[in-house]
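Q: I should like to learn how salt bridges and helix faces are read from a model. Could we work through one case together?

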Amino acid sequence: MTGNEPPQLRVRLGPQATRDETLLAAGSLRKALLAAGLGDIHPILDDESDVPYVKLHRIDAELATLLEHLVRKGMEGKYKLAEELHCVLLDHGLADFPVPVVWGQDTIALGEISIHAAERLACILGAEPGPELADTPDWPESNAVYDRLNAAFKAATDGGFVDMHLHSYCRRCEGEPGIQLVSIKLDVAGRFVKALQSAARP
């Protein structure tokens, strides 16, 4: 490639895609880009490696901005759901809850919360209040809150799954205990929002 050639993006379609399937995908993408007014972007087949790819040529700054706008417009509903979840968490006084972030096609990332915030969230979702927590809860207390939040979340979201990891207090590094709420699927996020909306505000 010379310095005068346009930048290229290479998008892997997956290890099982055949050459014909990849070529078809490139043609379908080309039609969609034309319909969106992005005809200067040219998807082409790259089958030089074992796994075929689609490469997008002629991505200058203006085209990149237009393509970003198009992608974000198609994801408006997902961004709206993440914002709605953030707002209802704030309504419940969970200001220290991380801002939910759209992650991929069907997932919202949540982030890490303190054990005290996890306890409040469990109670909001219907759990009975647990014993008063120490300023820095130790492992048994933190684990009990983890179990209560996990059970309350499933009950409030009709069996919804949230990927959770407990980080207990570390005396060696004095790391604060917390619970990592990794991510939830969009349908579960919708049920999570409804559960929070129906719960009594503080």
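**Salt bridges and a helix face**

A: D106 is partly exposed, with a relative accessible area of 37%. The model is a predicted one, and D106 is a suitable starting point, for D106 forms a salt bridge with K185.

Q: What is the general idea behind such a pair, and how far apart are the closest N and O atoms of K185 and D106?

A: Side chains of opposite charge can pair when their charged atoms come close. Between K185 and D106, the closest N and O atoms are 3.5 Å apart. K185 belongs to strand β7 (residues 178–185), whereas D106 sits in the loop between β4 and β5 (107–114), so the pair ties together parts that are 79 residues apart in sequence. K185 is partly exposed, its relative accessible area being 42%.

Q: How many salt bridges does the rule give?

A: The count comes to six. Among them is the pair of R120 and D96, with the closest N and O atoms 3.2 Å apart. This pair links distant parts of the chain, 24 residues apart: R120 is in helix α4 (residues 115–124), and D96 is in the loop between α3 (76–91) and β4 (101–103). R120 has 36% relative accessibility and counts as partly exposed; D96, at 42%, is also partly exposed.

Q: Where do D187 and R191 lie?

A: The general idea concerns helix geometry. An α-helix has 3.6 residues a turn, so residues three or four places apart point the same way. Here D187 and R191 both lie in helix α6 (residues 186–198), four residues apart, about one turn of the helix. They form a salt bridge whose closest N and O atoms are 3.7 Å apart. D187 is partly exposed, with a relative accessible area of 48%, and R191 is partly exposed at 28%.

Q: Which residues of α1 are buried, and why do they line one face of the helix?

A: The buried residues of α1 are T22, A26 and L33. Viewed down the axis of α1, the buried residues fall within an arc of 45 degrees, so they line one face. They pack against β2 (42–46), β3 (53–57) and α2 (61–74). The face turned away from the buried side carries the exposed residues D20, L24, K31 and A35.

Q: What span does α1 reach, and what is expected?

A: Helix α1 (residues 19–35) has 17 residues and reaches 25 Å from its first C-alpha to its last, close to the 24 Å expected at 1.5 Å a residue. G37, which follows α1, has a positive phi near 80 degrees.

Conventions. Residues are numbered from 1 along each chain as its sequence is written. This is a predicted model: local features need pLDDT of at least 70, side-chain atom pairs count only at pLDDT 80 or more; totals for chains, interfaces and linings use all residues. Side-chain values use heavy atoms; hydrogens and water are left out. A salt bridge is a side-chain nitrogen of Lys or Arg within 4 Å of a carboxyl oxygen of Asp or Glu. Helices (H or I, at least four residues) and strands (E, at least two) are DSSP runs, numbered from the N terminus. Buried means under 20% relative accessible area, exposed over 50%, partly exposed in between (1.4 Å probe, protein chains only). The expected span of a helix is 1.5 Å times one less than its number of residues. The arc is that of the directions from the helix axis to the C-beta atoms. Contact means heavy atoms within 4.5 Å.
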